[in-house]
Amino acid sequence: MHAVAADGVWKYFGDYPALRGAGLEVSRGSCVALIGRNGAGKTTLLRILAGLSKPSKGTIAIDGRIGYLGHGIGVYDDLSAVENLMLFGRLAGLPNPKESALAALEHVGLTRVKDGLAREFSRGMRQRLAIARAFLHNPDLLLLDEPFTSLDDRAIAVLQQLLTEARKRGSTIVMSTHQIREAMELASDVALLERGRIVFSGPRSNEMTLDPGFLYRTYGEGSSGEVRA
Amino acid sequence: MAALAIAGKDLRTEWRTRESLNSAVSFALVILVLFSFAFDLDREERLAISGGLLWLVYAFAGALIVNRSFAREVPNDCLEVLTSSVRGWSIFLGKSVACFVLLLLVELISLPIFGLFYNIRWTGSFFALALVMALSTWGITVVGTALSAITVNVRLRELMLPVLLYPLMIPLLIGAMEMTTGLLNGNAVLSDIRLLIVYDVMFTAISLYLIEFILVI
């Protein structure tokens, strides 16, 4: 049983196909770095997997509870840090939302400002609150859309620590990214998305880690590599 | 449970910001007071227009409240996170309950002012009036919340929502106006109560069915 199984997924925006028959299977407990250029369809695919958008064609099967971190931080400015996390804890059906919220705030270093309104936080603090929100309910599947983009150093460290812990717990992670080096440190698998198609999907190799351009040269458009989607 | 959490969140943030409550209460009071000075009506005329006046004010105040319902989720892409966390119908029900409480609050604040300025005794048939108000208010909020979800990403949503909302409210408002006028005149008429119930059940069911298609496109 796969944590994620997407088969022949098409998504049209008007006449434009953002996804053209994308297929992706993600094994439980793996961490997939979804790589591709701007406009390749990474965000569209992740939004479909998160249930935020419907595919025009194709099928999606998801196993387990989802934690989603998109481009927006997804926290309420007029609620305090602890109120924000308690709300999402209740929505996730946690037995003790307040306890979970306080533990999550401690994890991301926001205990001192737990009663402060999110609107009064610095950008870095809001990002850490958003990370705490995504990991709050120990999701089985984490869908992260360019999670390292525009994070400060502390937030990057917090995110990397939480991702490492999530992997140890057996959570499945799918993250789109442009930061290939950072993603490769965590990823067990790699999927390359080009013009709405998955042109490569498989385990991470040493070449990919050492040479960020390897994937594009070998499997990207204009390469001689076979499509291994 | 999720719906209650969302309703609680909406009421808490509204209590802190008073974005829609202040504008809806001010609007209702200003219209009622201005109307009382604008026309020199005798008692019978005042009683004849009482239901119509009250429900027009509540309908416009309701539009101000439901307009903020889904718009509240726009900053920081909160709607994305909500939609990925819970089913659409939970979000819809939670938001409808929050709007219902807020509009009922506006009605409870403005009703005594209406009684005072128009010299109309409204306490005589309070429970029948409360039933009409509860059913009609649910109808306004349920249709308004569904339309708020439809127009949340529209650039001119403040204009679009009333344009779509008022025509849909016509049957509900006719029933509410007639019964309220009757009750304020001392006639315990609840002949149109079935209309309100059918309207509420029908639009709640339609909205619950359609909300997934509205939120996830």
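Reader: What makes helix α1 (residues 42-49) of chain A mostly covered?

Author: In this predicted model, 8 of the 8 residues of α1(A) are buried. Buried means that 20 or more other C-beta atoms, placed from the backbone, lie within 10 Å of the residue's own; exposed means 12 or fewer, and partly exposed is in between. A:Lys42, A:Thr44 and A:Arg47 are among the buried residues. Just after α1(A), A:Gly51 takes a positive phi of about 80 degrees.

Reader: Why is α4(A) called largely enclosed by the rest of the structure?

Author: Because 11 of its 13 residues are buried. They include A:Met125, A:Arg126 and A:Phe135. The cover includes β5 (66-69), α2 (81-91) and α5 (153-169) of chain A. Helices (H or I, at least four residues) and strands (E, at least two) are DSSP runs, numbered from the N terminus.

Reader: What span is expected for α4 (residues 123-135) of chain A?

Author: The rule is 1.5 Å times one less than the number of residues. For 13 residues that gives 18 Å, and α4(A) reaches 19 Å from its first C-alpha to its last, close to the expected value.

Reader: How many residues of chain A are in contact with chain B?

Author: 22 residues of chain A are in contact with 20 residues of chain B. Contact means C-beta atoms, placed from the backbone, within 7 Å. α2(A) gives the most to this side of chain A, with 4 residues.

Reader: How are the residues numbered and the model filtered?

Author: Residues are numbered from 1 along each chain, as its sequence is written. Local features need pLDDT of at least 70, and side-chain atom pairs count only at pLDDT 80 or more, while totals for chains, interfaces and linings use all residues.

Terms used. Chains lettered and ligands numbered in written order. Contact = placed C-beta atoms within 7 Å.
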